[in-house]
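Got your viewer open? Here is a short walk through what to select and what you'll find at each stop.

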Amino acid sequence: MASVTYKNVYKRFGDVIAVNNLDIRVDDKEFLVLVGPSGCGKTTALRCLAGLEDISEGEILIGDRVVNDVAPKDRDIAMVFQSYALYPHLSVYDNMAFGLKLRKLPKEEIKRRVNEAADILGIRDLLDRKPRQLSGGQRQRVAVGRAIVREPKVFLFDEPLSNLDAKLRVAMRAEISKLHQRLQTTFIYVTHDQIEAMTMATRIAVINKGILQQLDTPQNLYDRPNNLFVAGFIGSPAMNFFPGKLRKDGTKLLVDTGDFSVTIPPKHAKSYESHAGKDVIFGIRPENIHDADFIPPNIDAEKVNVKVDVTELMGNEIFLYLVSGKNTFVSRVDPRSKLRVGQNAQVAFDMDTFHIFDAVTEKAIR
Amino acid sequence: MNSTTSKPLSPVTKALRWFFVRSRGDSPFKTILIHATLIVASIIAVYPVLRVVTISLRPNDTLLTTSLRIIPENATLDNYKEVLFGAPEKNRKSDFFLWIWNSFSIVSVTSIISMILAAVSAYAFSRFKFPGRAVGLVFLLTTQMIPAGMLLLPLFIMLAQLQMINTALGLIIAYSVSTVPLTIWTLKGYYDTIPVDLEEAALIDGANRFTVFTRIILPLSTPALAIAFLFSFMGGWSEYLVARVVLQKNDIYTWPLGIFTYAQQFTVAWGQFSAASVLIAIPVMILFLYSSKWLISGLTLGSVKG
Amino acid sequence: MEDKSKLRRLLPYLYWIVGLLSGYFLLNALISPFAWGITLNLGIVLKRLGEIGGFLFAILTGLALVEIYFYQIFFRQPSNPRSRTTIRGLQYLLGGMTVLAILSFFEKTDLFRLGDNVMAGIVHLPLNAFGGVRSALTGIGLAKGAAGAVSGIVFTLVLVGIFYAVHKMSVPRVSKLGLPYLLILPAFVGVLFLIIYPFMFEIKLAFSNASLGTQATKNAEYGLIYGWQNLVTLFTGTVAKDAKFFDVFFRTVLWTVINVTFHVGGGMGLALLLHRPMKLQGFYRTLLVFPWAIPTTIAAMALRNEFDSRYGLFNILLTDLNSWLVSVSQGTVNVPLLGDAFNWLASNIGPVSWKQDPFWAFVSILISNIWLGIPFMSVIILGGLQSISQEYYEAAEIDGASKFQMFRNITLPLLRPVLTPAIILGVVWTFNKFDVIYLITQGGPQEKTDILVSSMYKAAFQFYRYGFTAMFALVIFVILLIFTLIYLRASGGLKSATE
Ligand SMILES: Nc1ncnc2c1ncn2[C@@H]1O[C@H](COP(=O)(O)OP(=O)(O)OP(=O)(O)O)[C@@H](O)[C@H]1O
Ligand SMILES: [Mg+2]
């Protein structure tokens, strides 16, 4: 049970800066997810914490202890690898007991812990098998089990679900969340799948090119992304972006994309006034673009003329791929929508939930 | 399918086609050809070996014969008896067991030493980056270019200075690193195929570098270690030249030197020479043939990636 | 319940005791009737075990000391500035002692000579100190062996004491580099003493006139001029008795090329035949590795036997073939052409003098070595073939490739990683292949089947031309090195292996 702190941590591989000035404090019992695109340094950040890489600069603390020079085995952490890294020559039982045996725990204690973990994970029947006799999902459970029995202060996961099929992934996601509630320990979890991040995390750290972009709760990340990268990375389908200009037309403040312009409702306009005349990027999520025939009540709708390019029927909703001049964008509309491919139509932007970013700094304007 | 040759084929043509042509797999003709080739090759491989057995079974008076029979007329085990237990009637004792013991004790110790040296340093070459690594690996390969016997003279002088000529220890020293360079390469190749993840998992689980090596790497490379040991053992087991130089007394002879005493006697004792050869070769060959399946995988594992 | 489990725990020991006893009695019963003729006895066995045990102990202690020493250099740092000087001093002392001990070993074994000056005194200090303790102990009445053992123990204790002192006064230090060096150290020590050191010695010998006349290295003189003389003799004079360098060199090249060609060709052929699903595959495979499985010494001697002019297999077969041809030619005397043909065959094919005729003698060693070497290659190539995924062939088949095209465009390129090292090592080993020639023809007749290494061996151990031999060996080594470098450059193989 411990907090984890990265203090201005750098990790360089030759010229590559894999981790760039990472500064995070993870509270005790928190479930922190590190997300980011491939190659952004998530694994490296995790491995630095585990002690598998030396950090180039900065400090890492587990609890109150600086662990820069502490060997992995003495950091009191457990890690689940993407490849699971089960020892092929040991049975499932021995795989799980390995760490405990090395720590010279009494035999009965080892047995108790392994059996308990096996029960939690439902792998009681597999204890005598060798890893190669297991399915992918079972291996994954064993890998988690190996971490649980250690009863460490901090759990580390490096994309543990990426080798599983979609259905199993959803199931395991729920199980890991449950596990976190049950164990009440600090979890640090790396993934590039933002749905995993959104569903499991108490807080998410979004990383790009080694740099921390935003650290916040899932809801805040979704509702108030700090910058263009976070806005585009979180949410699926991704937020639509329209490069344009913030223009003052009399008393009205509007965003002019060249093909169409939308008026910012006066109640929101205040924070943007000072930026009038600047190049900005206007962002709006697909679910906030509605079919003009099915506009929900009580929203500030701005109508835009579009042409329907592609439709994707998902059952409970429809994805429309729309074109307006040089802009293409997605909307997630009511399943009753009658819009068909090739049709010219009108959609409504919900002007209560939009985002505006500075085109130069890519920071959110608030 | 064959719309152009729609007229029915005669049975002979059909049979011939069946015999010679197949769209998939081998035709009977080809199968027969392959088996014939392999049988001839097998005979060539085995017959000279069988001839040794034949000669060992011949009675002493018909040793020299132009017969090609595999089991000779009047086959006898006299040669074996004399090789193993001597011949009281001729007042001749047998050193056979002594030679075997000398060979065995010397070669097993050298193999164990060279295995330990190679297994440990191959791990360093496989897993760590350090100045001198590439140079070291190339250097190890270069040692293979040193001609046999080139190091013999200095080695001899060195052993003579240490008063180790005619001792088992002298030969053990002379042998002990000769297979190390190649074994390091083989084992390094094998270690390279073991995922680093496993070691890292063990490090987090509470192992130090040493326990990682003994509890993860070594158990996982048993096949490679077994093969390396076998090679090292086989190499020393039938080595002749170095032994010839280092050992010059009958009671310390290894068996390759020993069986030559049969060939050097005034009348070459081919029967006994062959009998001794058979006795020595059989266990070695059984071991070898038994492990040949591993040998194939072990020899190529290092060189073929992925 | 309690008693039963106790008994059960004792049972394994009981088995062992019964087994050992019965084995002993069985052995006695079987061997004692013949015991008169067997020279091996328990005493000899125990003595050897004792020797080996002591030797291993000595080696392990030595290595342990070296390892501990290096550990203290890499992984220890002074705990405070005050102890710094002491620790560094002790560390340098240990290092200096080690270096001196190695140097004085080299001097004692004649790698270089210091004579009787201060340098020599310094270099031999550790060993002399050891000797001093030893003779002092002998002086106070200990027998020589015991004195050696005791002084060894005293020295070890002193070393351990120093180690302990260093350990106490220092703190651990993180070192990423230290570990790999510690790991390769034992092998390095072995290679240093048994490969590098003899090699340096050989270089030194190459620049000397050491021979029987100089009592090997005892009265030998060293100098560049001798090296030059050796080199000149090598290329212009005789290499063993009569043979000239370039004759032998070209024979060696021929020997290597023919052998490796047949090894790779034959190995490839057999591997391709074996690498297909069929009956009896395992059976063939077993039989075909026979020549590799049988110890070379035995195989070579057996083959020498078969090249006997009267009773050897080859001449028996050739004689039979000849008499068959004679009888056929007699039967076909009146048939035009055919009769002449058989007559010609009958008078030209027959037993051969394998031992006297240089050409046939060379053929005989070629046959032997080819027979011995094919299985190894075929096993290697078969392994390579099995690692090639079947999917490539299926894809090629769909693309309409012929069997030969598949071989050229899939099999060969994918076998490269296996073939390149195998061929290089094959060439190097064959070039240096010595036992087969030595055992079958001894280079005869008239040194006409000698290759470079066997000439070299003769020059050393028959004609005692030590200095010359050393130069000879160096030249062979350089030739092989150049070949390997060229081959590797051409096939670009080494980089990937050492990464
Ligand atoms: N051992 C190494 N040596 C050199 N560069 C490295 C090393 N390990 C990682 N890198 C580099 O550091 C950067 C970050 O790598 P990292 O593995 O942390 O990415 P990641 O976020 O985990 O990506 P993914 O989602 O694909 O696993 C990459 O550019 C990578 O090439
Ligand atoms: Mg990663």
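We'll begin with whole chains, then go to one sheet and one residue. Keep in mind that you're looking at a predicted model.

**Stop 1: chain A.** Select chain A and colour it by secondary structure. You'll get nine helices and 20 strands. Turn it around: its C-alpha atoms fill a box of roughly 80 × 45 × 35 Å along the principal axes. Of its 366 residues, 52% count as buried. Next, try a surface view. The accessible surface of chain A is about 16400 Å², and carbon and sulfur atoms hold 47% of that. If you like colouring by charge, chain A has 51 positive and 47 negative charges, and their mean positions are 4 Å apart.

**Stop 2: a sheet in chain A.** Stay in chain A and pick out strands S1, S2, S4 and S5. Together they make an open sheet, in the order S2-S1-S4-S5, with antiparallel pairing. Which strands stand at the edges? They are S2 (16-26) and S5 (65-66) of chain A; each has a single partner strand, so one side of each has no neighbour in the sheet.

Now narrow the selection to residues 4-13 and 57-62 of chain A. These are S1 and S4, an antiparallel pair held over five bridges. To see one partnership by residue, click Lys7(A): its bridge partner in S4(A) is Glu59(A).

Then add residues 42-50 of chain A. That's helix H1, which lies across S1, S2 and S4 of chain A and runs at about 115° to S1(A).

**Stop 3: chain B.** Switch to chain B, where the secondary structure comes to 14 helices and zero strands. Of the 306 residues in chain B, 57% count as buried. Back in surface view, chain B shows about 13700 Å² of accessible surface, with 67% belonging to carbon and sulfur atoms.

**Stop 4: Tyr240(B).** Zoom in on Tyr240(B), in the loop between helices H11 (222-237) and H12 (241-246) of chain B. Is Tyr240(B) buried or exposed? Buried: its relative accessible area is 6%.

Show its surroundings next. Setting aside residues up to four places away in sequence, Tyr240(B) touches Pro256(B), Leu257(B) and Phe260(B), along with Thr297(C), Tyr438(C) and Leu439(C). So switch on chain C too for this view. Finally, draw a distance from Tyr240(B) to Thr254(B): they are 14 residues apart along the chain, and their C-alpha atoms are separated by 8.6 Å.

Key. Residues numbered from 1 in each chain as written. Chains lettered and ligands numbered in written order. Predicted model: local features only at pLDDT ≥ 70, side-chain atom pairs only at ≥ 80, totals over all residues. Heavy atoms only, no water. Pairing = 2+ DSSP bridges. Helix = DSSP H or I, 4+ residues; strand = E, 2+ residues; numbered from the N terminus. Contact = heavy atoms within 4.5 Å. Axes fitted to C-alpha atoms, helices over the stretch in contact; angles between N-to-C directions. Buried < 20%, exposed > 50% of the residue type's maximum accessible area, 1.4 Å probe, protein only. Areas by Shrake-Rupley, 256 points an atom, 1.4 Å probe, with all protein chains shown as cover. Lys, Arg positive; Asp, Glu negative; His and termini not counted. Charge placed at Lys NZ, Arg CZ, Asp CG, Glu CD.
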